[in-house]
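Good morning, colleagues. I should like to take you through one chain, residue by residue at first and then as a whole. Please keep the structure in view as I speak.

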Amino acid sequence: MGYDFESLYKGTASFPVGLFGQNSYIAEPHHHQEFELFYMNKGSAKISYKENEHVMTSGDVFFINPGIDHCVTEQNESFYYYALIFDSSVLGPSTDASRIIFDHIIINQKISLPEELLQKIITTTQILQKNSFGKEIAVKNLIFEILYYIISTRQYAPLPELKDL
């Protein structure tokens, strides 16, 4: 892979989160160490991950786990998406109950989020772009709200060791 995604859109060492919207994506397969939530806001495109391909349309959301090769191809002219890229450390130390739960589930790749959360992705992106005071709290709140929704609607598979917690 010639594309060095690891150096882009990753936040900082003290806040390892990237949240942005744009109308282009990497057509070359790549992977990274962080989780990525991909929300198609307008238009359509084909997303490839592992050996699967899906056509994403407006409103679709995909969750990509670390280390999974993925790319987006065949973007149409009105294509626009939001990406939330984060390291699990943003959820707290490895001993934190929230982090333990997150570290012991595998979120479905195609997920459904209510309109309210999709709108919150857009609003939180604007807060981050304006560099507003408290932006880190807004972004962290968004991540927790999304994860709670995923868990409460059972859009995940537990890892075997979760039963022992």
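Beyond its neighbours within four places in sequence, Lys 140 is in contact with Phe 15 and Val 90, where contact means heavy atoms within 4.5 Å. This is a predicted model, in which local features need pLDDT of at least 70 and side-chain atom pairs count only at pLDDT 80 or more, while totals for chains, interfaces and linings use all residues. Residues are numbered from 1 along each chain as its sequence is written, and side-chain values use heavy atoms, with hydrogens and water left out.

Let me stay with Lys 140, which belongs to helix H3, residues 135-152. Helices (H or I, at least four residues) and strands (E, at least two) are DSSP runs, numbered from the N terminus. What does the side chain of Lys 140 reach at 3.2 Å? The partner is the backbone oxygen of Val 90. Such a pair is a polar contact, that is, N or O atoms within 3.5 Å; within protein, one must be able to donate a hydrogen and the other to accept it, and residues adjacent in sequence count only if both atoms are side-chain atoms. Lys 140 counts as partly exposed because its relative accessibility is 32%; buried means under 20% relative accessible area, exposed over 50%, and partly exposed in between, with a 1.4 Å probe and protein chains only. Val 17 is 123 residues away from Lys 140 along the chain, yet their C-alpha atoms are separated by 8.8 Å.

I turn next to helix H2, residues 115-129, which contains Ile 122. Is Ile 122 buried or exposed? Ile 122 is buried, because its relative accessibility is 13%. Outside the four nearest places in sequence, Ile 122 is in contact with Tyr 39, Asn 41 and Tyr 82. Gly 67 gives a contrast to the previous pair: Ile 122 and Gly 67 are 55 residues apart along the chain, and their C-alpha atoms are separated by 26 Å.

From Ile 122 we may step to Asn 41, located in strand E2, residues 35-42. With a relative accessible area of 17%, Asn 41 is buried. Apart from neighbours within four places, its contacts are Ser 58, Tyr 80, Tyr 81, Tyr 82 and Ile 122. Tyr 81 appears again with Gln 22, since their side chains are joined by a polar contact of 2.8 Å. Gln 22 lies in strand E1, residues 17-22, and is buried, because its relative accessibility is 18%.

The next residue is His 70, in strand E6, residues 70-73. Its relative accessible area is 1%, so His 70 is buried. Which side chain does His 70 meet in a polar contact of 3.0 Å? That side chain belongs to Glu 36. A polar atom of the His 70 side chain also lies 2.8 Å from the backbone oxygen of Ile 68. Not counting residues up to four places away in sequence, His 70 touches several others, among them His 30, His 31, His 32 and Tyr 49. The C-alpha atoms of His 70 and Tyr 49 are separated by 4.1 Å, with their positions 21 residues apart along the chain.

Now for backbone geometry. Most residues other than glycine have a negative phi. Lys 50, however, has a positive phi near 50 degrees. Lys 50 sits in the loop between strand E3 (44-49) and strand E4 (52-57), and is exposed, because its relative accessible area is 57%. Arg 154 also has a positive phi, near 55 degrees. The loop between H3 and strand E10 (156-158) holds Arg 154, which is exposed with a relative accessible area of 64%.

Finally, the whole chain. How many helices and strands does the chain have? There are three helices and 10 strands, in the order β-β-β-β-β-β-β-α-β-β-α-α-β along the sequence. Of the 165 residues, 44% count as buried. Among contacts with a separation of 6 or more, 75% come from residues 24 or more positions apart. Along its principal axes, the C-alpha trace spans about 45 × 40 × 35 Å.
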